[in-house]
Amino acid sequence: MEKNINQQNANFWNELCGTGLAKSLSITEITPDSLARFDEAYLNIYPYLSEYINNENIKGKKVLEIGLGYGTLGKLLASCNCDYFGLDIAENPVEIMRYRLSLMDKNPDHVKVGSALNIPYENETFHYVYSIGCLHHTGDLAKSIQEVHRVLLPGGKAIIMLYNKNSFRQMIYIPLARLKSMLSLSKADKTYRNFSEFVRSLYDLNSQGQAAPHTDYVSKKQVYQIFKNFSEIGIDVQNFDTYVLGKGKIIIYREKLLDNLARIMGLDLYIIARK
């Protein structure tokens with residue numbers, strides 16, 4: 001089962017997470033200039049992301065990032081003069097992060113292909129582990145968190161983003177979509193094999209319109225259970241959707257909600273956990 005989900009994820013995530021944003025920016029090749037434009041746009045969408053680096057003292061520390069995407073977070077981490085390591089289940093994110101490190105005169109060999117369910121490092125190796133939007137796709141979230149705990153040094157910290165089970169999307173939008181599907185007012189059940197796949201498509205979708213192979217959604221209560229081996233756990237709620245009505249008429253502007261409703265019913269849980 002683990003081997004199967006790893007292969008599915010390797011195939012799906014070989015198309016870089018962020019490809020849609022890159023296309024919207026007319027990025028057709030990977031260059032220092034195109035990556036800079038991507039990073040600027042990405043951090044404008046997620047302005048709070050850098051806080052989870054700036055609030056930590058990672059200089060000179062050994063830091064592992066799991067799930068690399070276009071490498072925006074990896075670049076931010078490596079720019080802080082930490083001893084950066086990267087891990088991803090797919091080859092293309094690894095290659096782009098290696099390219100970024102080479103541009104920074106840092107060791108590209110510190111980035112490798114591997115599974116978060118079997119992190120290829122010894123016990124108590126890292127001061128920090130960062131994983132933003134990755135571990136809920138592994139097929140065994142609890143095991144991936146155990147692996148993070150294993151490779152952290154005593155007193156080390158994990159900064160992990162997982163999808164919020166109690167978000168506005170999960171609590172309001174998806175039940176309404178399910179009702180429309182049951183009443184045959186929606187094409188969701190015709191486009192996807194089942195409603196679960198439709199829900200996954202709301203979170204992660206490739207350029208062929210396919211949803212990620214597996215996605216978990218967790219509540220704060222479940223986070224405390226999954227992270228029970230950590231000595232300290234903090235949780236921030238972040239991110240929100242822009243919702244539209246009718247023919248593209250916006251009724252909820254995402255940017256206006258990032259500092260209020262998003263902090264209560266946002267899409268993402270940012271977990272800061274100390275071993």
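In these exercises, Lys and Arg count as positive and Asp and Glu as negative, while His and the chain ends are left out. The model you are working with is predicted, so let's read it step by step.

**Exercise 1. Find how far apart the mean positions of the positive and negative charges lie.**

Solution. Start by collecting the charges: the protein has 32 positive and 29 negative ones. Next, take the mean position of each set; the two means are 6 Å apart.

**Exercise 2. Work out which radius of gyration a compact globule of 275 residues would have, and set the protein against it.**

Solution. First, the expectation: for a compact globule with 275 residues, the radius of gyration would be near 19 Å. Then the model: the protein has 19 Å, so the value agrees with that of a globule. For the outline, look along the principal axes, where the C-alpha atoms fill a box of roughly 55 × 45 × 40 Å. Inside that outline you can trace twelve helices and nine strands.

**Exercise 3. Describe the burial, contacts and surface of the protein.**

Solution. Begin with burial: 49% of the 275 residues are buried. Now turn to the contacts with a separation of 6 or more: 71% of them are between residues 24 or more positions apart. Finish with the accessible surface, which comes to about 13,900 Å². Carbon and sulfur atoms account for 50% of that area.

**Exercise 4. Decide which side of helix 1 (residues 2–12) is buried and which residues are exposed on the other side.**

Solution. List the buried residues of helix 1: Ile5, Asn6, Asn9, Ala10 and Phe12. They cover an arc of only 165° around the axis, and therefore lie on the same side of helix 1. A reminder helps here: an α-helix has 3.6 residues a turn, so residues three or four places apart point the same way. Now go round to the other side of helix 1, where Lys3 and Asn11 are exposed.

**Exercise 5. Locate Ser26 and Glu124, give the phi of each, and classify their accessibility.**

Solution. Take Ser26 to begin with. Ser26 sits in the loop between helix 2 (19–24) and helix 3 (32–45). Its phi is near 60°, a positive value in a residue other than glycine. Exposed means over 50% relative accessible area, and Ser26 counts as exposed because its relative accessibility is 57%.

Glu124 comes next, in the loop between strand 3 (111–113) and strand 4 (126–132). Here too a residue that is not a glycine has a positive phi, about 55° for Glu124. With 43% relative accessibility, Glu124 counts as partly exposed.

Note on methods: Residues are numbered from 1 along each chain as its sequence is written. This is a predicted model: local features need pLDDT of at least 70, side-chain atom pairs count only at pLDDT 80 or more; totals for chains, interfaces and linings use all residues. Side-chain values use heavy atoms; hydrogens and water are left out. Helices (H or I, at least four residues) and strands (E, at least two) are DSSP runs, numbered from the N terminus. The radius of gyration is taken over C-alpha atoms; the globule rule is 2.2 Å times the number of residues to the power 0.38. Buried means under 20% relative accessible area, exposed over 50%, partly exposed in between (1.4 Å probe, protein chains only). Contact means heavy atoms within 4.5 Å. Accessible areas come from the Shrake-Rupley method with a 1.4 Å probe; for residues, only the protein chains shown count as cover. The place of a charge is taken as NZ of Lys, CZ of Arg, CG of Asp or CD of Glu. The arc is that of the directions from the helix axis to the C-beta atoms.
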